[in-house]
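Subject: A structure for you to explore

Hi there,

Here is the structure I promised to pass on to you. Have it open while you read, and turn it around as you go.

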Amino acid sequence: MPKILVVDDEVHILKIIDYKLRTAGYTVITATDGLEGLEKARVERPDLILLDVMMPRMDGFQALEALKRDPATKAIPVFMLTVKGKEMDRLRGLQMGIAAYITKPFSPNALLARIDETLRPA
């Protein structure tokens, strides 16, 4: 059962994603800021991370940088899920090694399809 870590400070977003992923058969772990997300990534070793950009304590770009520096987490695919839709933010994420950049509002079905495509290749 693939395990997904969802890091977002908006509780309603966490609930929507958690429900969608669990009903699709994924194991879901949640965190509400970048620092907590980083700690959970190191302990839980998820198969994929969904990471918001604007969060307290440590933003998504800082968390991504720390994930990519750590040999234990650097190979985990990361999707950035954010309201920051500017091209420079998208390019920054791609240059830092993310697997996908998804802007809010998003379609839970489209998000699930991208996750399935990444974790359950044909």
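Before we get to a pair of helices, one definition will help: an axis is a line fitted to C-alpha atoms, for helices over the stretch in contact, and the angle between two axes is taken between their N-to-C directions. Please keep in mind that this is a predicted model.

Now find helix H2 (residues 34-44) and helix H3 (residues 60-69): their axes come within 9 Å and cross at roughly 20°. Angles under 35 degrees count as roughly parallel, and H2 and H3 are therefore roughly parallel to each other. Their crossing is right-handed.

Which residues meet where H2 and H3 touch? From H2 come Gly34, Leu38, Ala41 and Arg42, and from H3 come Ala63, Ala66 and Leu67. Sorted by class, this contact has 5 nonpolar residues, 1 polar and 1 charged.

Next, have a look at the sheet. Strands of a sheet pair through backbone hydrogen bonds, either parallel or antiparallel. Here, 5 strands form an open sheet with parallel pairing, in the order E2-E1-E3-E4-E5. Strand E2 (27-31) and strand E5 (100-103) stand at the edges; each has a single partner strand, so one side of each is left without a neighbour in the sheet. On average, neighbouring strands of this sheet are turned by 20° against each other, ignoring direction.

To see one pairing in detail, pick strand E1 (residues 3-7), which pairs with E2 in the parallel sense over 5 bridges. For valine 7, the bridge partner in E2 is alanine 31.

Enjoy exploring!

Best wishes

Note on methods. Residues are numbered from 1 along each chain as its sequence is written. This is a predicted model: local features need pLDDT of at least 70, side-chain atom pairs count only at pLDDT 80 or more; totals for chains, interfaces and linings use all residues. Side-chain values use heavy atoms; hydrogens and water are left out. Two strands pair if DSSP finds at least two bridges between them. Helices (H or I, at least four residues) and strands (E, at least two) are DSSP runs, numbered from the N terminus. Axes are lines fitted to C-alpha atoms, for helices over the stretch in contact, and angles run from 0 to 180 degrees between N-to-C directions. Angles under 35 degrees count as roughly parallel, over 145 as roughly antiparallel, 65 to 115 as roughly perpendicular and the rest as oblique. A crossing is left-handed if the near helix is turned anticlockwise from the far one by less than a right angle, and right-handed if clockwise. Contact means heavy atoms within 4.5 Å. Ala, Val, Leu, Ile, Met, Phe, Trp, Tyr, Cys and Pro count as nonpolar, Asp, Glu, Lys and Arg as charged, and the others, Gly among them, as polar.
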